[in-house]
Structures are given as structure tokens and as C-alpha cells.
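Trainee: Could you walk me through this structure and tell me how each label is earned?

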Amino acid sequence: MHPDATSPSHRIARVAAHLNPLTPPRPQMEEAGLRPVACRAKGAAPGFKVAVLGAAGGIGQSLSLLMKMNPLVSVLHLYDVVNTPGVTADVSHMDTTAVVRGFLGQQQLEAALTGMDLVIIPAGLPRKPGMTRDDLFNKNAGIVRSLCEGIAKCCPNAIVNLISNPVNSTVPVAAEVFKRAGTYCPKRLLGVTTLDVARANTFVAEVLGVDPRDVSVPVVGGHAGVTILPLLSQVSPPCSFTADEISYLTNRIQNGGTEVVEAKAGAGSATLSMAFAAAKFADACLRGMRGDAGIVECSYVASEVTELPFFATKVRLGRGGAEEILPLGPLNDFERAGLEMAKKELAESIQKGVAFMNK
Ligand SMILES: NC(=O)c1ccc[n+]([C@@H]2O[C@H](COP(=O)([O-])OP(=O)(O)OC[C@H]3O[C@@H](n4cnc5c(N)ncnc54)[C@H](O)[C@@H]3O)[C@@H](O)[C@H]2O)c1
Ligand SMILES: O=C(O)C[C@H](O)C(=O)O
């Protein structure tokens, strides 16, 4: 390091470059042996570049906070069409490793996406009481399309975690965008269904009277109503339920989103539990990308597990995303009937997403 590298003027220059992250590092800083802070974590410590699109929203703000706390993240880009300067300034004061940069509006989308390893998308309208997730389709499909066009152009190899509803249709929209751009890799497009698993673990643990962290419930199918199919016969650790418990649990898990929408009474849908779930899923993706073995999560992905082109099951996460789609495993009669209902609705939702791109 240059002998003056720690002098007050150098330190101030370094901080200034950090505060205005779009400013390229000054040549004299490099001569002095100073590296912009954004690169610091790229050495011994593993560090991934992560973007949150919709970062100023209800999910986006909490998710940005949680991603700033993740030691696997070296650079965190926060993009929204409103309010990112404030959210970025706020989150950037957390004394954790990730360097935070904010991007505001369509004209900064490309800068937000360039070089990203993982892109998390919670952009889009949330439900109000009385609405289905499908009622969000017209607005959110357009948002997802434009964001995915940016991803195809600026970070075509990034892994995408798609949260925007209706997930059952927005994932097919994203796939069509990437196909058209010639960048589609099914392994890298993951619809986030982790909140269904979190709810299932919570509600099952309540019934069993155990710690939810010790419970693991596979939830397959999709992310809306009857397409959310908890496999209560495959709960780990193994346990059994009465018919009433199965009916209560299935109904509560399938309607968990509506429970929150109604409780919020017009102020939106699940944001805090969703941010928690999205951060958990993103962390699992990052650990897979780092090369950790045995990372398995449920996700809505391109799949051959059923005759449908997309389906949520357990997937094994690896360096390239969803490296392996795991089978459904043995289902009981109740689950087999649920699967048929789920597939019927899913087929229509998938078709709607594909048709949106072929209009
Ligand atoms: N997958 C799931 O399990 C799950 C769970 C909860 C919510 N959701 C969905 O997540 C989405 C966001 O929910 P929320 O509560 O955070 O909503 P919100 O309204 O609080 O936030 C959405 C954010 O998206 C931003 N946005 C809108 N258009 C954009 C664009 N073109 N580019 C970038 N940002 C844009 C808005 O400015 C806003 O800040 C909704 O569609 C909701 O239904 C999904
Ligand atoms: O229910 C919603 O609209 C939001 C989300 O999909 C959820 O499951 O909480």
C-alpha cells in the first residue's frame, strides 16, 4: 500500500467514492493502492453482487436490510422507480460488509443490473382484500417483462428470484422474455415459494407443539390458493395428523396470504414474513452458488415432474441455480386429489403468462 494511503485526504476520497458509487475510482486512489470499497470483499471473503428490484416497497425495504446483513453479499444494488435514495442512504449505514448503491428510475436500470450475480424481484402491486393474485396480472406482468428485459441485456447469467405476483404466471412471462432474448436457462429462473414453506412449518409446529425451526414441510405446486399443496405426509420429522388437522392445516397454508391481506385491511399483503422468506431463499441460492453441497429448497421452476412446464417442488441449488429438480415422492389419496386441482389451475395460469408475451 502507498505510504499515504491511510492519510486523512485519502480516507476522505475513499469515503466520497463510496457515497457516490457511480463515480469511477480515481486514478490517484489506485496509484495509492486504494481500492474502492465495493471490491474489498472480493478477496479472501466470498462475495456476490446482488440486486433487489422494487427495493423501496414493503418487501423490498426489509429484504434490502436482510441482504445487507448477509455476509455472502459484497455489493448490494437497490433499484426502484421511487424512493431509492432514502432507502439506500438508510441501509448503507449498517456496519456490515456489503457496499450498497441506489438506482432510481428506468434510466438507471441497466446500471443497477450490470455485473449482478443474483437478482431478486419484489417489484409490483400487492393485493387488497377481495382480490386474487391473478387480479394483479395485467400490471405486474408488464413490470416483470421490462425488468427481465433489463436482466437479459445486462446480467444474462444472473440467477433470478422472482417474487412478484401472480408467481404462477410471472415466472412463465420471465421465461418467455429470456427465450426471446436468447438467454433463457431454466436453472437460473426461480419463483419464490418459500413463504408457503415458512407458513407450513409454522402452522404444523403450532399443531405439534414443537419449535418451527425443527419442522420441514415440502410445499409443491404453485403459489396461489389450491395450487399451494403442502405435503403433510412428508413432514420431517415424521409425524401423523388427524383428518381434521389435515383439513385445517391445508386450508390455513393455502390461505395464509389472504389471512394477512385481510388483517392488513387494504394496507397491502405480507411484507415482513415475505422479506424473511425471500432472504432465506436468496441465502440458500448464494450458498449453492458458492458451491455448498446439499442445499435443497422448494421453488417454482421449469420442471418435468408433472406434464406442466412449470411446477414447484424441492430443488437442489448449486453453482448454476436449480441444478436438480427433485421428484414429488409418495403422495396419499388426499394429496393426489389436491395435485389434480392444483394442476388444473396452474395450467391456466402458465398459459396466461405465455400468452401475454405472444400478444
Ligand atoms: N411470492 C410470494 O410469496 C409473495 C409474497 C408477498 C408478496 N408478493 C408480491 O410481491 C409484490 C410486491 O409486494 P409489496 O408488498 O412489496 O408491494 P409494494 O407496493 O409495497 O412495493 C412494490 C414496489 O415495487 C415498485 N415498483 C413498481 N413498478 C416497478 C418497476 N417497474 N421497477 C421497479 N420497481 C417497481 C414500487 O415502486 C414499490 O416500491 C406484489 O406483487 C406481491 O403480491 C409475493
Ligand atoms: O397473498 C398475497 O397476495 C401475497 C403473497 O402471495 C402471500 O402469499 O402472502
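Mentor: Sure, we'll go through the cysteines, the two ligands and the cavity.
This is a predicted model, where local features need pLDDT of at least 70, side-chain atom pairs count only at pLDDT 80 or more, and totals for chains, interfaces and linings use all residues. Residues are numbered from 1 along each chain as its sequence is written, chains are lettered from A and ligands numbered from 1 in the order in which they are written, and side-chain values use heavy atoms, with hydrogens and water left out.

Trainee: How do you know that cysteine 154 and cysteine 155 aren't bonded to each other?
Mentor: A disulfide is a pair of cysteine sulfur atoms within 2.5 Å. The sulfur of cysteine 155 is the closest one to that of cysteine 154, but at 6.5 Å it's too far for a bond. Cysteine 185 is in no disulfide either, as its nearest cysteine sulfur, in cysteine 285, is 13 Å away. The count by this rule is 0 disulfides.

Trainee: Is cysteine 154 called buried or exposed, and why?
Mentor: Buried is under 20% relative accessible area, exposed is over 50%, and partly exposed is in between (1.4 Å probe, protein chains only). Cysteine 154 has 15%, so it's buried.

Trainee: What makes arginine 199 a polar contact of ligand 2?
Mentor: A polar contact is a pair of N or O atoms within 3.5 Å; within protein, one must be able to donate a hydrogen and the other to accept it, and residues adjacent in sequence count only if both atoms are side-chain atoms. Here a side-chain N or O atom of arginine 199 is 2.7 Å from an oxygen atom of ligand 2, so the pair qualifies. The side chains of arginine 133 and asparagine 165 each reach a ligand 2 oxygen at 2.8 Å.

Trainee: What about ligand 1, which contacts does it make?
Mentor: One of its oxygen atoms is 2.9 Å from a polar backbone atom of isoleucine 59. A nitrogen atom of ligand 1 is 3.1 Å from a polar backbone atom of isoleucine 163, and an oxygen atom is 3.1 Å from a side-chain N or O atom of histidine 223.

Trainee: What makes a space a cavity, and how many are there?
Mentor: On a 1 Å grid over the protein atoms alone, it's a set of points where a 1.4 Å probe fits but cannot get out; lining residues have an atom within 4 Å of a point. The search finds 1 cavity of 30 Å³ or more. Phe178 and Arg188 are among the residues lining the largest cavity.

Conventions:
On a 1 Å grid over the protein atoms alone, a cavity is a set of points where a 1.4 Å probe fits but cannot get out, and a pocket is an open set with protein on both sides within 12 Å along at least five of seven lines; lining residues have an atom within 4 Å of a point. Grid points are joined across faces, edges and corners, and a volume is the space filled by probe spheres set on the points.
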